[in-house]
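The following note is offered as a guide for reading the structure shown here. Its points are numbered so that each can be followed on the model in turn.

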Amino acid sequence: MRDFSPLWHLTLNRFREFFREPAAVFWVYGFPLILALLLGSAFRNRPVERIRVDVVADGPGGVVAAKAMLDALRHDERLTAVVAHAEECRNRMRTAKTDLVVTPPASPGGALDYLVEPNRPEAVLARNAVDNVLLRSQLPAAALPREQTIDAIGGRYIDFLIPGLIGTNLMGGGLWGVGFVIVNMRVRKLLKRYLATPMRKTDFLLSLVISRTVFTFIEIAILWSFAWLIFDVRVFGNLLALFALMLAGSVCFGGIGLLVACRATTMETVSGLMNAIMLPMYLLSGVFFSADRFPDGIQPFIQALPLTVLIDGVRSVMNDGAGFEVAWKPILILLAWGVVCFGLALRLFRWR
């Protein structure tokens, strides 16, 4: 029967080393809370965005028609309308100081002329708002729809953000917390000393992954508790499925971190490799905004990234109320990433 005491002592040693570094404790436990607070506050209870509309007043009857149009647009509190000449309106559109330019018809009953910038979403919103105001002005009050508002937990930006932060914490903990530590030990010649001991290579690598997993779960527990207390973020799905997803994510990125650092000999090398791996996933995997915004041509690549798999799985459990019927697939994918990378790292790892 295998003696697990070397693995236990190596893991315990990693705990001691970590908590003796105040800076490491801050970046692991403090910084994610600050990031969640800042982003959650910035996108919480946002006021209604103002829509800027310019009304052209050229020609003998243009001023009268523009003022009539201005009076109609004032019925929508979102609209900020100003009257100006055509050339000035075009310049304001070119410099993004207005969202839409409206030219009233020269005679009653004529058609409006819109000047829009098709590449700006604000232009579409402005046109729809103006069309809505003009349509409502022609309908009797009884025909207007009644509007109710709802602030639904699970559909806010903070509910979208927290799963992304959980995924990035798991990724950062696995890569920096495992890979960076190995290279740091190699640079300080500590690994050469370990080589002289009867310690198994498997025990050493597993102790790094296990200790980092424990650190990460503590970090995620603190982050989620903070989000629940401050922003009322909730988990609508199966808690056990969420735990299994995070455990699989920790194994996945721990294995990737080991593979990246198994041969790196300098801090510059491992930093470059870490950034080359993490930066595409930060940008493409839907941490701060949906990955669906990217072109369809690169969607297969995005969906194959382990961070995308993890974040989509966590969001499906936390926000959509899913359980193992949805989470089992991302769990298996993440575990496959971790096991394969750990096996390769075990074969390629060198102490020197």
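1. A definition is needed before the helices are discussed. The crossing of two helices is left-handed if the near helix is turned anticlockwise from the far one by less than a right angle, and right-handed if it is turned clockwise. By this rule, helices α6 and α8 cross in the right-handed sense.

2. The model under review is a predicted one. Its chain contains 13 helices and four strands. Of the 352 residues in the chain, 42% are buried. Among contacts with a separation of 6 or more, 78% are made by residues 24 or more positions apart.

3. How do α6 and α8 pack? Two packed helices are described by the angle between their axes and the distance between the axes. Helix α6 covers residues 157-187 and helix α8 covers residues 201-231; the angle is about 155 degrees, and the axes are 10 Å apart. An angle over 145 degrees counts as roughly antiparallel, and α6 and α8 are therefore described in that way.

4. The four strands deserve separate attention. They form an open sheet in the order β2-β1-β3-β4, and the pairing is mixed. At the edges stand β2 (79-84) and β4 (113-115), each of which pairs on one side only. On average, and with direction ignored, neighbouring strands of this sheet are turned by 25 degrees against each other.

5. Strands of a sheet pair through backbone hydrogen bonds, either parallel or antiparallel. In which sense does β1 pair with β2? The pairing of β1 and β2 is parallel and extends over six bridges; within it, Ile-51 stands opposite Leu-79 of β2. Strand β1 (residues 51-56) also pairs in the parallel sense with strand β3 (residues 100-103), here over three bridges. Asp-54 has Val-101 of β3 as its bridge partner.

6. Is β1 enclosed or open to the outside? Five of its six residues are buried, so the strand is largely enclosed by the rest of the structure. Helix α4 (residues 86-94) lies across β1, β2, β3 and β4 and runs at about 155 degrees to β1.

7. The structure holds three salt bridges, and two of them begin from residues of β1. In one, the side chains of Arg-52 and Asp-99 meet at 3.1 Å, N to O. Arg-52 belongs to strand β1 and Asp-99 to the loop between α4 and β3, so this pair ties together parts that are 47 residues apart in sequence. Arg-52 is partly exposed, with a relative accessible area of 30%, whereas Asp-99 is buried, with a value of 3%.

8. What does the side chain of Asp-54 meet in a salt bridge? The partner is Arg-92, at 2.5 Å, N to O. Asp-54 lies in strand β1 and Arg-92 in helix α4, so the pair ties together parts that are 38 residues apart in sequence. Asp-54 is buried, with a relative accessible area of 0%, while Arg-92 is partly exposed at 23% relative accessibility. Asp-54 thus appears twice in this note, as the bridge partner of Val-101 and as a member of a salt bridge.

9. A further salt bridge joins the side chains of Arg-234 and Asp-232, at 2.9 Å, N to O. Arg-234 is partly exposed, with 38% relative accessibility. Asp-232 is also partly exposed, with a relative accessible area of 25%.

10. Finally, the reader may wish to locate Ala-345, which is found in helix α13 (residues 324-348). Is Ala-345 buried or exposed? Its relative accessible area is 0%, and Ala-345 is therefore buried, the limit for that class being under 20%. Leaving aside its neighbours within four places in sequence, Ala-345 is in contact with Leu-258, Leu-259 and Cys-262. The C-alpha atoms of Ala-345 and Leu-205 are separated by 8.9 Å, although these residues are 140 residues apart along the chain.

Terms used: Residues are numbered from 1 along each chain as its sequence is written. This is a predicted model: local features need pLDDT of at least 70, side-chain atom pairs count only at pLDDT 80 or more; totals for chains, interfaces and linings use all residues. Side-chain values use heavy atoms; hydrogens and water are left out. Two strands pair if DSSP finds at least two bridges between them. Helices (H or I, at least four residues) and strands (E, at least two) are DSSP runs, numbered from the N terminus. Axes are lines fitted to C-alpha atoms, for helices over the stretch in contact, and angles run from 0 to 180 degrees between N-to-C directions. Contact means heavy atoms within 4.5 Å. A salt bridge is a side-chain nitrogen of Lys or Arg within 4 Å of a carboxyl oxygen of Asp or Glu. Buried means under 20% relative accessible area, exposed over 50%, partly exposed in between (1.4 Å probe, protein chains only). Angles under 35 degrees count as roughly parallel, over 145 as roughly antiparallel, 65 to 115 as roughly perpendicular and the rest as oblique.
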